[in-house]
Amino acid sequence: MSEATSHDTQADTAGGAGAEQPLLPDAFTAKALAGRTVIVTGANSGIGAAIVDACAAAGANVVIDWVTHPETVDPATRIAEAAGSGSAMAVQADVGNVADLQNLIDQAVARFGRLDVMINNAGVETRHSLLETEEKDFDFVMNINLKGTFFGAKLAAQQFIKQGGGGVILNVSSVHEDWPMPGNTAYCVSKGGARMLTRTAGVELAQHGIRMVNIAPGAVNTPINAQTMADPEKAAALNHSIPLGRVAEPDEIGATAVFLASDAASYITCTTVVVDGGIMMSAAGL
Ligand code: BGC
């Protein structure tokens with residue numbers, strides 16, 4: 001385990017949509033997550049990095065989980081770039097390992113006093129069909145995408161309950177939690193599992209005031225799509241298949257995460273918010 005920290009600021013309590021507080025306009029201010037502690041897994045690249053920046057810009061204290069490429073993990077720089085008012089720390093934790101996940105949460109709580117939002121974002125794909133998938137490919141995808149999300153949710157919920165309830169769990173899923181992507185079977189199965197996790201555990205956790213929501217991005221301009229985007233023919237076909245005519249930028253997913261983590265989304269749970277430019281209504285996945 002290693003840890004890096006940036007400048008310290010205050011760690012206010014989480015607040016929340018208390019009955020005495022008017023929901024509007026506070027939930028929509030630029031500081032919608034002020035003083036809240038947010039963990040983002042797989043947070044040093046792609047969608048995870050964009051979520052970190054968006055949450056920091058919204059005033060959150062952000063915990064950046066990473067596994068590889070320590071050179072990309074510099075909380076101080078990330079917060080400065082996001083012009084955020086919160087603090088950040090980085091923790092090395094493999095989400096496929098439950099002990100690592102517990103350590104991630106424990107370090108967040110030790111530093112910021114509590115946990116308010118858990119964002120299970122870490123994800124991988126191997127792009128194999130059923131017939132091509134070896135046991136190691138299946139385990140790699142399932143450990144990170146499904147086991148990591150499942151136990152990330154469980155351990156975060158335990159922490160939320162210990163604190164007295166409330167809290168938000170967001171799972172970065174995919175349009176492929178619902179929409180087949182032939183040639184990427186284990187990935188689709190893992191995301192389908194995340195879809196049912198949110199529908200089932202979301203119901204279980206509602207009595208504790210915990211909301212659980214999936215974000216289902218379509219094609220996003222991140223390393224996971226680098227090969228497609230580097231091939232002009234494939235990139236053109238992908239863009240053409242999207243009604244909005246382009247892949248998403250990671251910060252468009254970051255903005256959705258801030259909204260869903262904030263009190264503006266106080267009645268949204270047990271469901272999936274699709275952020276796909278319309279792709280699911282259009283053509284086959286690429
Ligand atoms: C997959 C990408 C794919 C996109 C749209 C994502 O979940 O990771 O590989 O391009 O869905 O089909």
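1. H4 and H5 are roughly parallel to each other, because their axes meet at a small enough angle. Angles under 35 degrees count as roughly parallel, over 145 as roughly antiparallel, 65 to 115 as roughly perpendicular, and the rest as oblique. For this pair the angle is about 15°, and the axes lie 9 Å apart. Axes here are lines fitted to C-alpha atoms, for helices over the stretch in contact, and angles run from 0 to 180 degrees between N-to-C directions. The crossing of H4 past H5 is right-handed. A crossing is right-handed if the near helix is turned clockwise from the far one by less than a right angle, and left-handed if anticlockwise.

2. A word on the source. This is a predicted model, in which local features need pLDDT of at least 70 and side-chain atom pairs count only at pLDDT 80 or more, while totals for chains, interfaces and linings use all residues. Residues are numbered from 1 along each chain as its sequence is written. Helices (H or I, at least four residues) and strands (E, at least two) are DSSP runs, numbered from the N terminus.

3. Look next at H4 by itself. Helix H4 covers residues 135-162, which is 28 residues, so at 1.5 Å a residue it should span 40 Å. The expected span is 1.5 Å times one less than the number of residues. The end C-alpha atoms of H4 are 38 Å apart, in agreement with that figure. H4 also bends, by about 40° at Asn143. The bend is the angle between axes fitted to the seven residues ending at a residue and the seven starting there. Just after H4 comes Gly164, with a positive phi of about 110°.

4. Where does Ala194 sit? Ala194 is in helix H5, residues 185-206. Ala194 counts as buried because it has 25 C-beta neighbours inside 10 Å. The cut-offs are these: buried means 20 or more other C-beta atoms within 10 Å of a residue's own, exposed means 12 or fewer, and partly exposed lies in between, with C-beta atoms placed from the backbone. Ala194 and Thr272 are 78 residues apart in sequence, yet their C-alpha atoms are 10.0 Å apart in space.

5. Thr272 leads to strand E8, residues 271-275. E8 has two unlike faces: Thr272 and Val274 are on the covered one, while Thr271, Val273 and Val275 are on the uncovered one. Strand E7 (residues 211-217) runs parallel to E8, and 5 bridges join them. Two strands pair if DSSP finds at least two bridges between them. Asn214 stands opposite Thr272 in E8.

6. Compare strand E4, residues 88-92. In E4, 5 of its 5 residues are buried. Both faces are covered, with Ala88, Ala90 and Gln92 on one side and Met89 and Val91 on the other. Val91 counts as buried because it has 25 C-beta neighbours inside 10 Å. Val91 and Leu101 are 10 residues apart in sequence and 9.9 Å apart, C-alpha to C-alpha. Strand E3 (residues 61-66) runs parallel to E4, with 5 bridges between them. Trp66 stands opposite Gln92 in E4.

7. How many residues of E6 are buried? The count is 5 of 5, so E6 is largely enclosed by the rest of the structure. Val168, Leu170 and Val172 cover one side, and Ile169 and Asn171 are on the other, all of them buried. Val172 has 29 C-beta neighbours inside 10 Å and therefore counts as buried. E5 and E6 pair in the parallel sense over 4 bridges. The bridge partner of Asn120 in E6 is Asn171.

8. Val172 and Ile253 are 81 residues apart in sequence and 9.1 Å apart in space, C-alpha to C-alpha. Helix H8 spans residues 250-261 and packs with helix H1 (residues 46-57) at about 50°, with axes 8 Å apart. H1 and H8 are therefore oblique to each other. Their crossing is right-handed.

9. Finally, check two loop residues. Arg127 has a positive phi of about 55° although it is not a glycine. Arg127 lies in the loop between strand E5 (117-120) and H4. With 16 C-beta neighbours inside 10 Å, Arg127 counts as partly exposed. Cys270, also not a glycine, has a positive phi near 60°. Cys270 lies in the loop between H8 and E8. With 17 C-beta neighbours inside 10 Å, Cys270 counts as partly exposed.
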